[in-house]
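Q: Please take a close look at the site around the ligand. Describe what lines it, and then place it in the rest of the protein.

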Amino acid sequence: GSGWGGVRHLVQDAVAIPVERIPHFPRPSVSGHKAELVFGRLAGLSLVILLGRKHLYEGEGLAAPLYPVEVFRRLGVQTLGLTNAAGALHSGLGIGDLMVIRDHLDSTWHRLTAPLARWEADERWRPPGRWTPPAAGRAVYDPEFVQRFLDAGREEGLPVRAGVYGFTLGPFYETPAEVRCLAAWGCDAVGMSTVPEALYARLRGLRVFALSAITNMGTGLAEAEHSHESVKEQAALLAPRAARLLERFIRSLDDSGI
Ligand code: HPA
């Protein structure tokens, strides 16, 4: 996600594979942007990182964000980490903060129902055996990982908060009324990604963590209006801290297993 690419430089023995070489893999739509999978190791763990993921708002359907998750699952990945840039919904969060997502609110209310029904009928997607929906109330975001990120932030002296991510379809930034609504619904930050991937990964039995880099105040909360450019600018400024947090977290898994 925006601002989180620094983790690539932490990976040892890295082998990069352009996504063009993987059948059906969603390609980045912005020309000149290369998307790749980077395989390697860090602190005794095997990692694969996807640089350049696709969003639902790009209009190519749910397979665009979810196909990579299915590829990871088939590679044997056990834990999925999702990263993004997000806007703060109240003054308890500010530009430059890092938020570990402890829960989300899906303001699209889609809940993957239609595509999952379709995939059940399509053997290319159907997992071995039948899936059962996760029990109601079961955490999407692993509480143990949330705690580890809070600890990692404290140890690194980084501003890390646990919060609720409000998911909007985009591609428009929210209106001031939508920002007030999401805040009233209990969300702390807002963004246009992550939730479909997290739900799909949980459905397939992966453990999930997710992180937001706060790049702007939500529409109407600050004098200066945000734009795609200012969001990218702030994401780039945050990148070194974001990579430090991820490295500390990953190293904390080393001795305890996952
Ligand atoms: N809204 C939605 N998505 C975002 C924002 C925002 O304010 N900032 C970064 N991604």
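A: The answer starts with the basis of the model, goes on to the ligand site and ends with other parts of the chain.

This is a predicted model, in which local features need pLDDT of at least 70 and side-chain atom pairs count only at pLDDT 80 or more, while totals for chains, interfaces and linings use all residues. Residues are numbered from 1 along each chain as its sequence is written, and side-chain values use heavy atoms, with hydrogens and water left out.

The protein has 6 helices and 8 strands, taken as DSSP runs numbered from the N terminus (helices are H or I of at least four residues, strands are E of at least two). Read from the N terminus, the order of elements is β-β-β-α-β-β-α-α-β-α-β-α-β-α. Of its 258 residues, 49% count as buried; buried means under 20% relative accessible area, exposed means over 50%, and partly exposed lies in between (1.4 Å probe, protein chains only).

The ligand site comes next. Around the ligand stand Ala-85, Ala-86, Gly-87, Tyr-173, Glu-174, Val-190, Gly-191, Met-192, Thr-215, Asn-216, His-226 and Val-231, each with a heavy atom within 4 Å of the ligand. By type, this shell divides into 6 nonpolar, 5 polar and 1 charged residue. In that count Ala, Val, Leu, Ile, Met, Phe, Trp, Tyr, Cys and Pro are nonpolar, Asp, Glu, Lys and Arg are charged, and the others, Gly among them, are polar.

Polar contacts (pairs of N or O atoms within 3.5 Å; within protein, one must be able to donate a hydrogen and the other to accept it, and residues adjacent in sequence count only if both atoms are side-chain atoms) include several to nitrogen atoms of the ligand. A polar backbone atom of Ala-85 is 3.3 Å from a ligand nitrogen, and a polar backbone atom of Gly-87 is 3.4 Å from a ligand nitrogen. Glu-174 contributes through its side chain, with a polar atom 2.8 Å from a nitrogen of the ligand. Taken alone, the ligand exposes 260 Å², and the protein buries 95% of that; accessible areas come from the Shrake-Rupley method with a 1.4 Å probe, and for residues only the protein chains shown count as cover.

The elements giving two or more residues to the shell are S4, S7 and S8 (207-217). S4 supplies the largest share, with 3 residues. These strands belong to a closed barrel of 5 strands, which runs S4-S7-S6-S5-S8 with mixed pairing. Neighbouring strands of the barrel are turned by 50° against each other on average, direction ignored, the axes being lines fitted to C-alpha atoms (for helices over the stretch in contact) and the angles running from 0 to 180 degrees between N-to-C directions.

Within the barrel, S4 (residues 79-88) and S7 (residues 189-191) run antiparallel and are joined by 2 bridges; strands pair if DSSP finds at least two bridges between them. Gly-87 stands opposite Val-190 of S7, and both residues are part of the ligand shell. Further along S4 is Gly-81, which counts as partly exposed because its relative accessibility is 36%. The C-alpha atoms of Gly-81 and Leu-211 are separated by 7.9 Å, although these residues are 130 apart along the chain.

Beyond the barrel there is an open sheet of 3 strands, in the order S1-S2-S3 with antiparallel pairing. S1 and S3 stand at its edges with a single partner strand each, so one side of each has no neighbour in the sheet. On average, neighbouring strands here are turned by 20° against each other, direction ignored. S2 (residues 36-42) is largely enclosed by the rest of the structure, because 5 of its 7 residues are buried. S1 (residues 12-18) pairs with S2 over 5 bridges; among the residue pairs are Gln-12 with Arg-41 and Ile-17 with Leu-37. S2 is joined to S3 (residues 45-51) by 7 bridges, and Val-38 stands opposite Ile-49 of S3. S2 and S3 form a hairpin with 2 residues between them, and Ala-43 in the turn has a positive phi of about 50°.

One helix completes the picture. H5 (residues 195-203) is largely enclosed by the rest of the structure, because 9 of its 9 residues are buried. The buried residues of H5 include Glu-197 and Arg-202. Gly-205, just after H5, takes a positive phi of about 90°.
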